[in-house]
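Subject: Structure handover

Dear colleague,

Here is the structure I promised to pass on to you, with the sequence alongside it. My notes on what was found follow below, and I would be glad if you read them with the model open.

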Amino acid sequence: MKTKSFGILTASAIMLSVGAANANILFDIYAGGTYGVGEYVLFADGEHPSFSSKSYGGVLGMDIPVFRFELEYSYIDGDNVAMNIGLINAYLKMPTPIFKPYIGAGVGSSFSSKYTSEHGTELDIDDVMAYQGMLGITLDIPVIPFDVDLEGRVLYAPDIFKDVTADVTPDLLQYEGRVKLRYVF
């Protein structure tokens, strides 16, 4: 009787351990930082001036075999734009071993952002919806807990402010190359 009870307890412990180990294979939680370099264009009444920009940000997400979901904060530092943007992103990725190509989309909103005109006038950027598309590749080295994403990103924010002097409401289109370093817990 004691041997039978010990065997049942041992088998239960092994099954519970294997279940917990497999749960970690099904999804990974991660946090990371981003850095990007590119340009943005302000579209208003036929004018399309482009300006250089950099972006910095942070991400927190969940990675499952074919999909990835994340919360993203981005700060766009441009020649005359300083934007804070919060986004929710979803990715579809190829489940290949080390190099994983992916495509993604995101939706969010800008907040507490500023635009400085060429005359030095500072305007508040409205809290508007922002949309983005991403295409990239993940370098996933199985031995270390870091993943590196190299991606191209396009972000669109319509009617970011009302310029009463010119009576226009420009749209912003920002495109960049980005590096994302993610720590997988």
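I begin with Phe-99, whose place is in strand β5, and please keep in mind throughout that this is a predicted model. Is Phe-99 buried or exposed? At a relative accessibility of 53% Phe-99 counts as exposed, because the cut-off for that class is over 50%. Leaving aside residues up to four places away in sequence, Phe-99 touches Ile-137, Thr-138 and Leu-139, and its C-alpha atom is separated by 5.0 Å from that of Leu-139, although these two residues are 40 residues apart along the chain.

As for the overall picture, the chain has 1 helix and 9 strands, and the order along the sequence is α-β-β-β-β-β-β-β-β-β. Of the 185 residues in the chain, 35% are buried. If one takes the contacts between residues at least 6 apart in sequence, 57% of them join residues that are at least 24 apart. The accessible surface of the chain comes to about 10400 Å², and 70% of this belongs to carbon and sulfur atoms.

The aromatic side chains come next. The structure holds 8 aromatic pairs, and one of them is formed by Tyr-73 and Phe-111, with ring centres 6.2 Å apart and planes at 45°, so this pair is tilted. The pair links distant parts of the chain, since Tyr-73 is in strand β3 (residues 67-78) and Phe-111 in strand β5 (residues 99-116), 38 residues apart. Tyr-73 is partly exposed, with a relative accessible area of 35%, and Phe-111 is partly exposed as well, with 34%. In the pair of Tyr-183 and Phe-185 the ring centres are 5.2 Å apart and the planes stand at 85°, so that pair is edge-to-face. Tyr-183 counts as partly exposed at 35% relative accessibility, whereas Phe-185 is exposed, with a relative accessible area of 57%. Tyr-183 and Phe-185 also form one aromatic cluster together with Phe-146.

Two arginines are placed over aromatic rings. Arg-68 lies over the face of Tyr-91, at 4.1 Å from the ring centre, and Arg-182 lies over the face of Tyr-30, at 4.5 Å from the ring centre.

Both arginines appear again in the lining of the cavity described next. How many cavities of 30 Å³ or more are there? The count comes to 1, and the largest cavity holds about 30 Å³ of space. Its lining consists of Asp-63, Arg-68, Lys-93, Lys-100, Thr-138, Asp-140, Asp-147 and Arg-182.

Among these lining residues, Asp-147 deserves a note of its own. Asp-147 lies in strand β8 (residues 146-157), and with a relative accessible area of 4% it is buried, because that class takes in values under 20%. Not counting residues up to four places away in sequence, Asp-147 touches Asp-63, Thr-138, Leu-139, Asp-140, Lys-180, Leu-181, Arg-182 and Val-184. Thr-138 and Leu-139 are thus found both in this list and among the residues that Phe-99 touches, which brings these notes back to where they began.

With best wishes

How values were computed
Residues numbered from 1 in each chain as written. Predicted model: local features only at pLDDT ≥ 70, side-chain atom pairs only at ≥ 80, totals over all residues. Heavy atoms only, no water. Helix = DSSP H or I, 4+ residues; strand = E, 2+ residues; numbered from the N terminus. Buried < 20%, exposed > 50% of the residue type's maximum accessible area, 1.4 Å probe, protein only. Contact = heavy atoms within 4.5 Å. Areas by Shrake-Rupley, 256 points an atom, 1.4 Å probe, with all protein chains shown as cover. Phe/Tyr/Trp six-rings, centres within 6.5 Å; stacked < 30°, edge-to-face > 60°. Lys NZ or Arg CZ within 6 Å of the ring centre and 35° of its normal. 1 Å grid on protein atoms, 1.4 Å probe; cavity = no way out; pocket = protein on both sides within 12 Å on 5 of 7 lines; lining within 4 Å. Points joined across faces, edges and corners; volume = space filled by probe spheres on them.
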